[in-house]
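Biologist: I would like a close look at the buried parts of this model. Please take one helix as the centre and then work outwards to the cores and a few single residues.

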Amino acid sequence: LGPAQEMVGLILCWTTGETARISFGKNKHGHDRIFVVLGGEEHEYWAGDEEKLLGLLSRRSRALANRLAAKNAGPLLSAPTHSGGFLDPLALVHRANAWKGEAPDETEVVLAIMRLAPDNRVIASNALRIGPEEWKKAIAFALGKNVQIGSSRALWLCAARARAPYADHDALESHFDKLGSDGAKAARYDYEFGKSEHGHPEIHFPKMQPHGSSEPNCVPAVLIGQREGDGRYMWELGGIGGTDEHSVHWVQSIWPLARESLFAACAVQLGNNLDWWGAEWQNKSFLDPLLDPGTPLREMGLLLLAFGLGAKEPGEHLLATDVAIVAIEDGRLSHDTLGHILMRLLPSGFIKAGRWAKTLADVARASSGHALVVKLGLEATFCG
């Protein structure tokens, strides 16, 4: 799965009027697979793809393909209006008010809600025409209005995360059960270090609880938390962002307002492969959002950056060095925050100190201000 494959499928459905035939089964080796027949060809994928973020995006593509094949014109609720995946609330309200006919596919509404930008929300909420439709009520809740909670777990949990990403929502906790991290309650990012069965250092997030419902999961924030640390997920499916940089960027567009859960999962994947025992070329793309001055460097962003600075692979540590230089220039990275994360990681056994020496020296050479931040950060590290 990935944006290139999905786009090819959409073009075929649009030009031929044919819809993809989807079935689930096992291949000759007994593995659970998804079988897709389109354009006279059959393709198969790991069934576990449905359980991750790319699976959510793929389900949205399939719903869009059905619309294209049926020549059903109409607005795309979740199409971003800004770089990074953000969607202007006023644009979403305009699309929602113009919607006619049957309710949109739930994945389309979920993505639209999760991509909401923080500005213009009050104006947009006042302009939204709320009727009996549950999906419009969920949009209203995401924009800040108090409305009666409906029955769709996915709609209301996404609305809660979009409304206040790092807050707990007790009303939803009592309304739904078995929600998982970043469901009704915000994820807790306490992490610890250990050893793999082969003796390699590993990082874990013991408080990131899995989603416990048996129904198909359509909640991006919960999907991020529940997949962290799943070895089968990494081995067969290519990790949190798939197997190439384009898929990683696609996943990064799902929840641009609050990427801490995504950074946590990316830190696990990058951190547990720092010594490059397997080729995971897409991992450097995890660092791309940190170049954006609008992306705050909270705890998980700092952890991801620190792993990048200590990575063996040149693409990862060179990009992390650029991130550190830019973040010091725009004020997101200070000696306090740098010292805090280095102090936490140095005794863990993850980082070879010589790599930090090299990358931090490169950061310090950017200017005298950068050198001061690195110097004071290292002093705080060793004092700690």
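Modeller: What follows starts with helix 6 and then turns to the cores, the cysteines and two single residues. The model is predicted.

Helix 6 spans residues 134-142 and is mostly covered, with seven of its nine residues buried. These are W135, K136, A138, I139, A140, F141 and A142. Their cover includes helix 3 (89-98), helix 4 (106-114), helix 5 (121-127) and helix 7 (153-163). Just after helix 6 comes G144, with a positive phi of about 115°.

I139, a buried residue of helix 6, also belongs to the largest nonpolar core, which has 91 residues. I139 is among the residues with the most contacts inside that core, together with I113, F205, L303, L304, F307 and L333. Apart from this core lies another, of six residues, including L10, C13, L38 and A65. Back in the 91-residue core, L304 can be followed one step further. Beyond four places in sequence, L304 touches F263, C266, A267, L270, F286, L287 and L290.

C13, from the six-residue core, counts as buried because its relative accessibility is 1%, below the 20% limit. C383 has a relative accessible area of 72% and is therefore exposed, the limit for that being over 50%. A search of the whole structure finds zero disulfides.

R67 is a charged residue under cover. R67 sits in helix 2 (residues 53-69). R67 is buried but has no salt bridge, and the nearest side chain of opposite charge, that of E108, is 5.3 Å away. A salt bridge needs the side-chain nitrogen and the carboxyl oxygen within 4 Å, so E108 at 5.3 Å does not qualify. The side chain of R67 does reach the backbone oxygen of G74, at 3.0 Å. With neighbours up to four places in sequence left aside, the contacts of R67 are N72, A73, G74, P75, L76 and W99. G74 thus appears both as a contact of R67 and as the residue whose backbone oxygen the R67 side chain reaches.

The last residue is F35, in strand 2 (residues 32-38). F35 has a relative accessible area of 14%, under the 20% cut-off, and so is buried. Outside the four places on either side in sequence, F35 touches R21, I22, S23, F24, G25, K26 and N27, and also E42, H43 and E44. One of these contacts, R21, lies 14 residues away along the chain, with 8.0 Å between the C-alpha atoms of R21 and F35.

How values were computed. Residues are numbered from 1 along each chain as its sequence is written. This is a predicted model: local features need pLDDT of at least 70, side-chain atom pairs count only at pLDDT 80 or more; totals for chains, interfaces and linings use all residues. Side-chain values use heavy atoms; hydrogens and water are left out. Helices (H or I, at least four residues) and strands (E, at least two) are DSSP runs, numbered from the N terminus. Buried means under 20% relative accessible area, exposed over 50%, partly exposed in between (1.4 Å probe, protein chains only). Contact means heavy atoms within 4.5 Å. Lys and Arg count as positive and Asp and Glu as negative; His and the chain ends are not counted. A polar contact is a pair of N or O atoms within 3.5 Å; within protein, one must be able to donate a hydrogen and the other to accept it, and residues adjacent in sequence count only if both atoms are side-chain atoms. A nonpolar core is a set of buried Ala, Val, Leu, Ile, Met, Phe, Trp, Tyr and Cys residues joined through side-chain atoms within 4.5 Å. A disulfide is a pair of cysteine sulfur atoms within 2.5 Å.
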